[in-house]
Amino acid sequence: MFYKKLYENFLTLAKENDLLDKNIAIQTHVLKPTEAIGTPDRKDFPLLKGKEVLMQALFMGMQGQAY
């Protein structure tokens, strides 16, 4: 049920933004810890310990990030 609602909402957004008939390209990559948070004094961040990664995506000139 949840995925059906998610799909319907996604389809509505795609239609509203005229994306259904376009070729879509999304570029992704994992950021290095220094790209994500720089070089903080504290060294206990999960990103620095390798327990987490931060991904970045580029879509139509816009960037988004997620853990």
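Reader: Let's start with Glu-16: buried or exposed?
Author: A quick heads-up: this is a predicted model, where local features need pLDDT of at least 70 and side-chain atom pairs count only at pLDDT 80 or more, while totals for chains, interfaces and linings use all residues. By relative accessible area, buried means under 20%, exposed over 50% and partly exposed in between (1.4 Å probe, protein chains only). Glu-16 has 60% relative accessibility, so it counts as exposed.

Reader: Which helix is Glu-16 found in?
Author: Residues are numbered from 1 along each chain as its sequence is written, and side-chain values use heavy atoms, with hydrogens and water left out. Helices (H or I, at least four residues) and strands (E, at least two) are DSSP runs, numbered from the N terminus. On that numbering, Glu-16 is found in helix H1.

Reader: How far apart are the end C-alpha atoms of H1, and why does that agree with what they should span?
Author: The expected span is 1.5 Å times one less than the number of residues in the helix. H1 has 15 residues, so at 1.5 Å a residue it should span 21 Å. That agrees with the model, where the end C-alpha atoms are separated by 21 Å.

Reader: What is the phi of Asp-18 near?
Author: Asp-18 follows H1, in the loop between H1 and strand E1 (26-31). Its phi is positive, in a residue other than glycine, and near 50 degrees.

Reader: And which loop residue has a positive phi of about 55 degrees although it is not a glycine?
Author: Look in the loop between strand E2 (54-59) and strand E3 (62-66). The residue there counts as exposed, because its relative accessibility is 55%. The one with that positive phi is Met-60.

Reader: Back in H1, which residues make the nonpolar surface patch of about 410 Å²?
Author: Patches take residues with over 30% relative accessible area and no salt bridge, joining like charges within 9 Å and nonpolar side chains (Val, Leu, Ile, Met, Phe, Trp, Tyr) within 5 Å. The areas come from the Shrake-Rupley method with a 1.4 Å probe, and for residues only the protein chains shown count as cover. Phe-2 is exposed at 60%, Tyr-3 is exposed at 66%, and Leu-6, at 46%, is partly exposed. The patch is made by Phe-2, Tyr-3 and Leu-6.

Reader: The count is 1 aromatic pair, so what kind of pair do the rings of Phe-2 and Tyr-3 form?
Author: Rings of Phe, Tyr and Trp (its six-membered ring) pair if their centres lie within 6.5 Å; planes under 30 degrees apart count as stacked, over 60 as edge-to-face and the rest as tilted. Here the centres are 5.4 Å apart and the planes are at 75 degrees, so the pair is edge-to-face.

Reader: Which side chain meets Asp-44 in a salt bridge?
Author: A salt bridge is a side-chain nitrogen of Lys or Arg within 4 Å of a carboxyl oxygen of Asp or Glu, and the structure holds 1. Asp-44 itself is partly exposed, given its 42% relative accessibility. The N to O distance is 2.9 Å, and the partner is Arg-42.

Reader: Over which ring does the charged end of Arg-42 sit?
Author: A charge sits over a ring if NZ of Lys or CZ of Arg is within 6 Å of the ring centre and within 35 degrees of the ring normal. For Arg-42 the distance to the centre is 4.5 Å, and the ring is that of Phe-45.
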